[in-house]
Amino acid sequence: MEASTMLPILKKKLAFLSGGKDRRSGLILTIPLCTEQTSMEELSATLDYLLSIPSEKCKARGFTVIVDGRKSPWTVVKTVVLMLQNVIPAEVSLVCVVKPDEFWDKKVTHFCFWKEKDRLGFEVILVSANKLTRYIEPCQLTDEFGGSLQYDHMDWVSKRLVFEKFTKESTSLLDELAIINENERAGQPDKARPPDCNVLPSFDPETVLQTGHELLSELQQRRFNGSEGGGGGGGVGGVTAWSPMDDELLAQPQVMKLLDSLREQYTKYQEVCRQRSRRSQLEEIQAKVMQVVNWLEGPGTEQLRTQWGIGDSIRASQALQLKHEEIESQHSEWFAVYVELNQQMAALLNAGDEDDLAELKTLQQQLSDVCYRQASQLEFRQNVLQSAHEFHSTAQDLSQQLDGLLGMLCADVAPADGAAIQQTLKHLEEKLKSVGALQVLREKGQGLLDQMSNQSSWFYGKDVPVENKENIDHIHSVMEDMQLRKQRCEDMVDVRRLKMLQMVQLFKCEEDASQAVEWLTELLDALLKTHVRLGDDTQETKVLLEKHRKFVDVAQSTYDYGRQLLQATVVLCQSLRCTTRSSGDTLPRLNRVWKQFTVTADERQHRLEMASAFHVLREGSEQVELLDSEVFEEVETVGKSLLDRLTVPVIFPDGEQFFGSPGDMASSAENIRDKLKLSAILATPPPPPHPGDGSCCIA
């Protein structure tokens, strides 16, 4: 029977245990009858509940029942007293019926209880309220009977509800915790246990324990059942005031025992929960680890396996790099889960639970191996794509350089002079030298090939797919194509270099031929302007003739050199297929100057030869005292011919020219005339000597 099931009846206060005791230490049961009709059934239920509270030891000392009949008719009092015989006949020691001031019919009432004394089994006395202290100490009576014992029925009801609630919840909780702990101790797997063994307890252990401690505190402070230590005073013989729920009603020991048992089971339950939480955490970690591992070894690895291409251009390789970044982004999310799981496993390992160490280490190692392998594959793929991008970038740069060089080679060369050709040739050489990325392309291509050869490890021993072979063939094809293109450009550069060198040589020949014309012109000018002397005697004339021959030889060499240069020009033009170019006016100029020179040289030769003949005749005639007339005529004829020759200009096809200046010619003519005069003197016979002349005497 619980207070909660009959709470409305208890609140009516049909009967109560105030906590007071009679002189035999028996409990005092008070039945306050009221003017209203009292339900015997409710009163009987109240008495049954109240009598279930004390211990058997307490019941053995008997009860003193106070029936307050001051507000109730005698018939009701009599009915209640007779009912006590059925409810608690053995436990009742004395029934004190408090009579009203207007006393009932004494004879009737006395006779009735006296008559029923043996049958009732307990003594019934009628007593007024002020005479009740004859049987019970005032300190054990409540204030309505003139006593000092404090009692609050509603407070007692509420405390009783708390006590019973705690007792019920703690007892139920103890049973549930005992079952849970026992199943855990038996080592049954969670899946093998009955369904009700894995559920949480019906009550929160912390809340029940808190309720119990609060209740125990109330009991220890003597506040349970409305008592604060019995209201002071003391019992018979100076007995100290007591609290009925401390010992007699066994409330405090029962609460303490329940609390101790509950704490013990709750401690075990906490360990069970800790173990369950650890197992649940371990299972959750294991599930997440397998989720990460399955994704990395499944979709993650498949993504990498499908990404084998390296592209055939910079744009294609950049597109592949963007795709790879998307794959890396997806992997990063799983790597973040890996980091979190690794931290959780490290924390569990540091906790030092020996049962889970091996499994945790195995999970940690498995997860680390898969993640590091996948991260290595991502990094390897990124390196391959970076190398492919560098390879394509180098190939594109080299291709552009070769295209620029080819454009230069395909353009027509029409320089104005040799210096321009030299500048163009220098620029071409620099352009060819700048196309030096082929070796770099080979190095990057070989590096990429080396990486591609290691790419088969992604398949854990499986064969390299056909796509990888296509990539390798593409790399070789690009390098071979660039090699051929550069070789073609180099061959074209060699041809262009030869052509430009021939053009330089052509310009040089033309320039040198023009120079030869100038030199020949200068020789002609020198011949006309400075080669005017004919000599004063035979020896000097011979010297001048020798110098003239050498001078002519120099002019002949110059002319021949110019002719050879012009012939080389013709050959170079034919080699260069330069039909628009020719020697121009250089050859006519050369021939014209040479013609003028030969005419002038011949004239100079004739004059020197005539001068030589003149001097020979003249000097021969001077060896005799008297020049023969024939000899003189010959000398005179040659001299006059020479003088005439000096007055004649050199006739050219396009004009005429005199040797030297008029003064020079006049001086030469005057010198010849002097020589002729001298010869004339020699040819004149001397007059006969005068007789008186001293010459005869001398002879």
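Start with arginine 533: in this predicted model, its relative accessibility is 41%, so it counts as partly exposed. Its side chain has a partner in glutamate 540, and the salt bridge between the two brings the closest N and O atoms to 2.5 Å. Glutamate 540 is partly exposed as well, with a relative accessible area of 22%. There's a further player here, since Asp536 joins Arg533 and Glu540 in a network of salt bridges.

What makes pairs like this possible? Side chains of opposite charge can pair when their charged atoms come close. Across the structure, the tally of salt bridges comes to 24, and a couple of others are worth a visit.

Take glutamate 390 and lysine 444. Their closest N and O atoms sit 3.5 Å apart, which makes a salt bridge because the cut-off is 4 Å. This pair ties together distant parts of the chain: glutamate 390 belongs to helix H11 (residues 354-410), lysine 444 belongs to helix H13 (residues 437-454), and their positions lie 54 residues apart in the numbering, counted as the separation of the pair. Glutamate 390 comes out as partly exposed at 33% relative accessibility, and lysine 444 lands in that class too, at 28%.

Now for a local case. How far apart are the N and O atoms in the salt bridge of lysine 59 and glutamate 56? The distance is 3.9 Å. Both residues sit in helix H3 (residues 56-60), and because they are three residues apart, about one helical turn separates them. Is lysine 59 buried or exposed? Lysine 59 is buried, with a relative accessible area of 17%, which falls under the 20% limit. Glutamate 56, on the other hand, is exposed at 60% relative accessibility, so this salt bridge joins a buried side chain to an exposed one.

Leaving charges aside for a moment, look at how two helices pack. The axes of helix H2 (residues 40-51) and helix H4 (residues 74-87) come within 11 Å and cross at roughly 40°. That angle makes H2 and H4 oblique to each other, and their crossing is right-handed. On the H2 side, the contact uses Met40, Leu43, Ser44, Leu47, Asp48 and Leu51, while H4 brings in Val76, Thr79, Val80, Met83, Leu84 and Val87. What kinds of residues make up the contact of H2 with H4? They split into nine nonpolar, two polar and one charged.

Methods:
Residues numbered from 1 in each chain as written. Predicted model: local features only at pLDDT ≥ 70, side-chain atom pairs only at ≥ 80, totals over all residues. Heavy atoms only, no water. Helix = DSSP H or I, 4+ residues; strand = E, 2+ residues; numbered from the N terminus. Buried < 20%, exposed > 50% of the residue type's maximum accessible area, 1.4 Å probe, protein only. Axes fitted to C-alpha atoms, helices over the stretch in contact; angles between N-to-C directions. Parallel < 35°, antiparallel > 145°, perpendicular 65-115°, else oblique. Left-handed = near helix turned anticlockwise from the far one by under 90°. Contact = heavy atoms within 4.5 Å. Nonpolar A, V, L, I, M, F, W, Y, C, P; charged D, E, K, R; others polar.
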